[in-house]
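Reader: I'd like to learn how to read a protein model one feature at a time. Could you walk me through this one?

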Amino acid sequence: MQNQSMVTEFILLGLSQNPQVQKVVFVAFLFVYVATVGGNMLIVCTVLCSPALLASPMYFFLTFLSFLDACFSSVITPKMIADSLYQRKTISFEGCMVQIFAEHFLAAAEVIVLTAMAYDRYVAICKPLHYSAIMSWRLCGTLVGVAWTGGFLHSIIQILFTLQLPFCGPNVIDHFMCDLYPLLNLACTDTHIFGLLVVANSGSICIIIFSLLLVSYGFILFSLRAHSTEGRRKALSTCGSHIAVVVLFFVPCIFIYARPPSAFSFDKMVAILYTILTPMLNPVIYTFRNKEMKNAMRKIWMRLVVVNDER
């Protein structure tokens, strides 16, 4: 499906046009990107190398979430880092469409994984005797398949509509990445209906799932009254990590997409929170509060030390 447009590339304004600020952006976000990919892939490798963790559905979903975070960050941050070295920042029309598709594909898949993780904790805490029967590997595999399929469907719908928009004049995007609302401001047609589609396909879904997740975690926390002190402490630690990740991801997304198409001066700062900082913080939240993950990392490190000493 071809877009009949005169525009072949877009100019990104980035975070700042000030050369000094751009140097700071390069250093700061290069560090953030390395920490994001390194931290998330450390979780992936730790779980894959620890049979005890890999046998747990919770860590299975955590591995998938970390992989998605590393990919999601790689869709946006490297381009932003590279652009900070140049005064004129451009992206081709095709590159812009690919970035939008990948961004929404991975974000939607992450939404479904976070929902699966909430369901896993609900079963583990509220129905512990039936946990193994309910959270079977067949169900876990099905949920991962649903995440990939749901992410693809969510993204392909929006990208197909975006390709129908004519871009015949202005091509300057006041952002550090391609996204739906900045593009709507450049289209040479009435985008009111498409704006409503974005709210329905992205904003309303975020609000509904976020509300359901908060209710489910509230129900879990309420049910902890019947558990022992040690059981409550462990469950609160696990659920606290999950709730923190959910809030960090959903609140900025709701702010961006659950409103009519419009631009605010702080939109870019909000976008940085959920596209760049949240993927970096997830490994910190999940590992620093999790003894099993820290013990597994320690064992892998000791194994590497022993292997190196033997050489």
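Author: Happily! Let's begin with a single side chain: lysine 23 has a relative accessible area of 53%, so lysine 23 counts as exposed. Keep in mind that this is a predicted model. Lysine 23 belongs to helix 1, which covers residues 19-48. For a sense of scale, the C-alpha atoms of lysine 23 and glycine 218 are 44 Å apart, with these positions 195 residues apart in sequence.

Reader: And what about alanine 271, buried or exposed?

Author: Alanine 271 is buried, since its relative accessible area is 1% and the cut-off for buried is under 20%. You will find alanine 271 in helix 10, residues 267-288. Setting aside neighbours within four places in sequence, alanine 271 is in contact with His175, Phe176, Met177 and Ile276. Of these, phenylalanine 176 is 95 residues away in sequence, yet the C-alpha distance to alanine 271 is 9.3 Å.

Reader: Let's turn to the sheet. In what order do the three strands lie?

Author: First the general idea.
Strands in a sheet pair through backbone hydrogen bonds, in a parallel or an antiparallel sense.
Here the three strands make an open sheet with the order 2-1-3 and mixed pairing. Strand 2 (89-92) and strand 3 (172-173) are at the edges with a single partner strand each, so each has one side without a neighbour in the sheet.

Reader: How many bridges join strand 1 to strand 2?

Author: Strand 1, residues 9-12, runs antiparallel to strand 2, and four bridges join them. You can follow the register residue by residue: glutamate 9 is opposite serine 92, phenylalanine 10 has isoleucine 91 as its bridge partner, and leucine 12 has lysine 89. On the other side, strand 1 pairs with strand 3 in the parallel sense, over two bridges. There, leucine 12 stands opposite isoleucine 173.

Reader: Which residues of strand 2 are on its covered face?

Author: The general rule helps.
Side chains in a regular strand alternate between the two faces of the sheet.
In strand 2, Lys89 and Ile91 make up the covered face, while Thr90 and Ser92 make up the uncovered one.

Reader: How should I read a nonpolar core, and which residues touch the most other members here?

Author: Here is the background.
In soluble globular proteins, nonpolar side chains tend to be buried together.
The largest nonpolar core in this model has 86 residues, and Phe10, Phe167 and Phe250 touch the most other members. Helix 4 supplies the largest share of this core, 16 residues. Phenylalanine 10 has contacts beyond four places in sequence that include Ile91, Cys96, Phe167, Ile173, Leu183 and Leu186.

Reader: Why is helix 4 called largely enclosed?

Author: Of its 34 residues, 24 are buried, so helix 4 is largely enclosed by the rest of the structure. Its length also agrees with expectation, because 34 residues at 1.5 Å a residue should span 50 Å and the end C-alpha atoms are 50 Å apart.

Reader: What about helix 6? Which of its residues are buried?

Author: A geometric point comes first.
An α-helix has 3.6 residues a turn, so residues three or four places apart point the same way.
In helix 6 the buried residues include Cys140, Val144, Ala147, Gly151, His154 and Gln158. The buried residues of helix 6 pack against helix 3 (57-83), helix 4, helix 7 (180-184) and helix 8. Helix 6 has 26 residues and reaches 38 Å between its end C-alpha atoms, close to the 38 Å expected.

Reader: Finally, how many aromatic pairs does a search of the whole structure find?

Author: The search finds 15 aromatic pairs. Take phenylalanine 161 and phenylalanine 194: their ring centres are 6.4 Å apart and their planes are at 45°, so this pair is tilted. The pair links distant parts of the chain, with phenylalanine 161 in helix 6 and phenylalanine 194 in helix 8, 33 residues apart. Phenylalanine 161 is partly exposed at 43% relative accessibility, whereas phenylalanine 194 is buried at 8%. Elsewhere, ring pairs join Phe64, Phe101, Phe105, Trp148 and Phe152 into a cluster.

Technical notes:
Residues numbered from 1 in each chain as written. Predicted model: local features only at pLDDT ≥ 70, side-chain atom pairs only at ≥ 80, totals over all residues. Heavy atoms only, no water. Pairing = 2+ DSSP bridges. Core = buried A, V, L, I, M, F, W, Y, C linked by side-chain atoms within 4.5 Å. Buried < 20%, exposed > 50% of the residue type's maximum accessible area, 1.4 Å probe, protein only. Contact = heavy atoms within 4.5 Å. Phe/Tyr/Trp six-rings, centres within 6.5 Å; stacked < 30°, edge-to-face > 60°. Expected span 1.5 Å × (residues − 1).
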